Amino acid sequence: MKTIIVSVIGISSIFLVAMIQNNINTKTWQEEQLENSLAEAMSQTMEEVIFGGGYGISNQNEMMAAFLQAMIRKLDGKADVTIKVHDINFALGQMDIEAIGSYRMTNGKTCKVSVRRNLIVN
C-alpha cells in the first residue's frame, strides 16, 4: 500500500511540474512573439517613413495604417492582441506603442502579456 501511495504522489508531482513548466514556456513564447512582432512592425513602418518605400507615407494616419498592416502580418493569430498608441508623430518620426496579448493557458486560465516600445528616428 505504501508503494502505491508513494507512486501516486511521485507521478502527481511530475505531472504538476510538467504543467507548470508548460505554462511558463507558453507565457515566455507569447511574450517573445509579441515583442518580436512589435519591434519588426515598428522598424518596417519607420523604414517606409524615412525612405519612402511601399506606397509612400505622408501623414500620421497612413503611418498608423502601415504599422497595423505590418503588425497583423507578423502575428500568428494564437493570441488576441490589443494595440495601444501612446504617441505617434509623423513629423518627428516617433512612435510609442504598446501591444497587449491575451491567450488561454492549458488549465483554461486567461493570461495577458504586455510589451511597450518607443522608437524615435532622428
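**Exercise 1. Determine how strands S1 and S2 are joined, and what lies between them.**

Step 1. Strand S1 covers residues 80-89 and runs antiparallel to S2, with 9 bridges joining the two. Strands here are DSSP runs of E with at least two residues, helices are runs of H or I with at least four residues, and both are numbered from the N terminus. Two strands count as paired if DSSP finds at least two bridges between them.

Step 2. The model is predicted, so local features need pLDDT of at least 70 and side-chain atom pairs count only at pLDDT 80 or more, whereas totals for chains, interfaces and linings use all residues. Residues are numbered from 1 along each chain as its sequence is written, and side-chain values use heavy atoms, with hydrogens and water left out.

Step 3. Two of the facing pairs can be named: Asp 87 stands opposite Asp 96 in S2, and Lys 84 has Glu 98 of S2 as its bridge partner.

Step 4. The two strands form a hairpin with 4 residues between them. In its turn, Gly 93 has a positive phi of about 65°.

**Exercise 2. Extend the analysis to S3 and give the strand order of the sheet.**

Step 1. S2 also pairs with S3, in the antiparallel sense, over 11 bridges. One of the bridge partners is Val 115 in S3, which pairs with Ala 99.

Step 2. The hairpin of S2 and S3 has 5 residues between the strands, and Gly 108 takes a positive phi near 90° there.

Step 3. Together the 3 strands form an open antiparallel sheet in the order S1-S2-S3. S1 and S3 are the edge strands, each pairing on one side only. From one strand to the next the twist averages 10°.

Step 4. In a regular strand, side chains alternate between the two faces of the sheet.

**Exercise 3. Place the helices relative to the sheet, and state how enclosed S2 is.**

Step 1. H1 packs on the sheet and touches S1, S2 and S3; its direction makes about 25° with that of S3. Contact means heavy atoms within 4.5 Å. Axes are lines fitted to C-alpha atoms, for helices over the stretch in contact, and angles run from 0 to 180 degrees between N-to-C directions.

Step 2. H2 lies across S1 and S2, and runs at about 150° to S1.

Step 3. Of the 11 residues of S2, 10 are buried, so this strand is largely enclosed by the rest of the structure. Buried means under 20% relative accessible area, exposed over 50%, and partly exposed in between (1.4 Å probe, protein chains only).

Step 4. Gln 30 is found in helix H1 and counts as buried at 6% relative accessibility. Not counting residues up to four places away in sequence, Gln 30 touches Lys 78, Ala 79, Tyr 103 and Val 113.

**Exercise 4. Identify the central members of the largest nonpolar core and the elements that supply it.**

Step 1. A nonpolar core is a set of buried Ala, Val, Leu, Ile, Met, Phe, Trp, Tyr and Cys residues joined through side-chain atoms within 4.5 Å. The largest has 23 residues, of which Leu 34, Leu 38, Met 63, Phe 67, Met 71, Met 95 and Tyr 103 touch the most other members.

Step 2. Two or more residues come from each of helix H1 (2-51), helix H2 (60-74), strand S2 (94-104) and strand S3 (110-120).

Step 3. Take Met 63 as a case. Leaving aside neighbours within four places in sequence, Met 63 is in contact with Thr 45, Met 46, Val 49, Ile 57, Ile 88, Asn 89, Phe 90, Gln 94 and Met 95.

Step 4. In soluble globular proteins, nonpolar side chains tend to be buried together.

**Exercise 5. Locate the salt bridges and classify the accessibility of their residues.**

Step 1. There are 3 salt bridges, each a side-chain nitrogen of Lys or Arg within 4 Å of a carboxyl oxygen of Asp or Glu.

Step 2. Glu 35 pairs with Arg 117, with the closest N and O atoms 2.8 Å apart. This pair links helix H1 to strand S3 across 82 residues. Glu 35 is partly exposed at 30% relative accessibility, as is Arg 117 at 29%.

Step 3. Glu 40 pairs with Lys 74, with the closest N and O atoms 3.6 Å apart. Here H1 is linked to H2, the residues being 34 apart. Glu 40 is partly exposed at 42%, and Lys 74 is partly exposed at 32%.

Step 4. Asp 96 and Arg 116 meet at 2.6 Å, N to O. Asp 96 lies in S2 and Arg 116 in S3, so the pair ties together parts that are 20 residues apart in sequence. Asp 96 is buried at 11%, whereas Arg 116 is partly exposed at 47%.
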